[in-house]
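Colleague: Please look closely at a single part of this predicted model. Which residues are around the ligand, and how does that part relate to the remainder of the chain?

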Amino acid sequence: MSKDNLIFPICPVKAAPAHVDALTINWHVTEACNYRCQYCYAKWTEHPCPRELFQELERSQQLLTELFRYFQPTNTSNPLCDALSWRTLRLNLAGGEPSILGERLLDITRAARQIGFEVSLISNASKLASDVIKQLAPQLTCLGISLDSAHSETNLAIGRVERSGRQLSLNELTANLDFARQINPALKIKLNTVVNALNVDEDLSGLITRVRPERWKVLRMLPVVDDTLAVTDEAFAAFVERHSAFQSIQCVEDNSDMCESYLMVDPYGRFFQNQPAGVGGYLYSQSILSIGAAAAFSEMRFSPVGFSSRYVTAAGEAS
Ligand code: SF4
């Protein structure tokens, strides 16, 4: 990334770099998902090749090696270091739904660990049965689960349902998460909730109390692909206020907080970013494997300030 692409606050005095514990790279390994959420923004266009990268383990390893080489904390030639410092590098596997990759997800997780990443996963949990948890949990520092509602009808209306009609059982989920905690006591459980027109009036307190996440990310639906379920400023604020009892674990992200504050790689191995508000869709770099991480990252805009401001818990935990 060139320094021209870093977005700094307007300030005549050069500030010390913000520090985060882990720099997180989100690799959206696949677009495929067994749910059909109306607001889903896991839709990547202009495919540069027919196959997603995860299908070739060797190329996946090459991608991860290149990302690690460029973003490891000791690489001071990365201009991001002028604005941000970090202790470790975390690969967050996202989708689509990564768990539908089955064994390949485990292969990628192990490869990432061997290369030097900490690894986390964000999943809709529909395929995280106990046998999968048993293999995955020891490899992860954080397991993120996306949950929007405690009500079957609301989940159905959002599209959080498999083709067969099967929905996530909260009893099974809590049992599986307890199992995950048992085999990896250091594992952090995170919940992601997308606040949208169908759940904005709901009280999720009971759900949060049952799942006991260490962190709860409350994301305002981002109208990247579709704005049908968008919520007003007032309704979003009311949702946050209704759950103020969970303030200590909450990380609230309005639409503007999400722009240019994530490091994201798409299923084809390109960096991507949200277009500015109102434009919609994504901006892509060229393939990281073709031109290298430094050159590909230099094509993107990224806000270190926006990124580090998402790390505001007392423990300085990564989101
Ligand atoms: S679970 Fe996630 S990836 Fe799947 S459709 Fe819903 S938002 Fe998209």
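Modeller: A residue is called buried when its relative accessible area is under 20%, exposed when it is over 50%, and partly exposed in between, using a 1.4 Å probe and protein chains only. Residues are numbered from 1 along each chain as its sequence is written, and side-chain values use heavy atoms, with hydrogens and water left out. Since the model is predicted, local features need pLDDT of at least 70 and side-chain atom pairs count only at pLDDT 80 or more, whereas totals for chains, interfaces and linings use all residues.

I begin with the ligand. A residue is taken to be near it if one of the residue's heavy atoms lies within 4 Å. By that criterion the surroundings consist of Cys33, Tyr35, Arg36, Cys37, Tyr39, Cys40, Gly96, Asn124 and Arg160. This shell divides into five nonpolar, two polar and two charged residues; here Ala, Val, Leu, Ile, Met, Phe, Trp, Tyr, Cys and Pro count as nonpolar, Asp, Glu, Lys and Arg as charged, and the others, Gly among them, as polar. Cys33, one of the shell residues, is partly exposed because its relative accessible area is 33%. Elsewhere, Cys142 has a relative accessible area of 10% and is therefore buried. The structure holds zero disulfides, a disulfide being a pair of cysteine sulfur atoms within 2.5 Å.

Gly96 belongs to the ligand shell and also takes part in an unusual piece of backbone geometry: the peptide bond from Gly95 to Gly96 is cis, with omega near 15°. Helices and strands are DSSP runs numbered from the N terminus, helices being H or I over at least four residues and strands E over at least two. In these terms, Gly96 sits in the loop that joins β2 (84-94) to α2 (103-115).

A further backbone feature occurs at Ala125, which has a positive phi of about 75° although it is not a glycine. Ala125 is part of the loop between β3 (118-123) and α3 (130-136). With a relative accessible area of 7%, Ala125 is buried. Arg212 likewise is not a glycine, yet has a positive phi of about 55°. Its setting is the loop between α6 (205-211) and β6 (215-220), where Arg212 is partly exposed because its relative accessible area is 46%.

Returning to α2, the helix that follows the loop of Gly96, one can trace how α2 residues relate to earlier parts of the chain. Ala111 lies in α2 and is buried, with a relative accessible area of 7%. The C-alpha atoms of Ala111 and Gln61 are separated by 6.5 Å, although the two residues are 50 apart along the chain. Ile115, also in α2, is partly exposed at a relative accessible area of 24%. From Ile115 to Leu64 the C-alpha distance is 7.5 Å, across 51 residues of sequence. Contact means heavy atoms within 4.5 Å; leaving out residues up to four places away in sequence, Ile115 touches Gln61, Leu64, Thr65 and Phe68.

Helix α1 covers residues 57-71. Its 15 residues should span 21 Å at 1.5 Å a residue, and the end C-alpha atoms are 21 Å apart, so the two values agree; the expected span is 1.5 Å times one less than the number of residues. Ser60, Leu63, Leu64, Glu66, Leu67, Phe68, Tyr70 and Phe71 are buried in α1.

Finally, the whole chain. The protein has eleven helices and ten strands, and 53% of its 319 residues count as buried. Of the contacts between residues at least 6 apart in sequence, 75% join residues at least 24 apart. As to reliability, pLDDT is the predictor's confidence in each residue, from 0 to 100. The protein's mean pLDDT is 89, and 86% of its residues reach 70 or more. Residues 7-13 have pLDDT below 50, and this stretch makes nine contacts in the model beyond near neighbours in sequence. Over residues 312-319 pLDDT also stays under 50, and the model has 19 contacts for them beyond four places in sequence.
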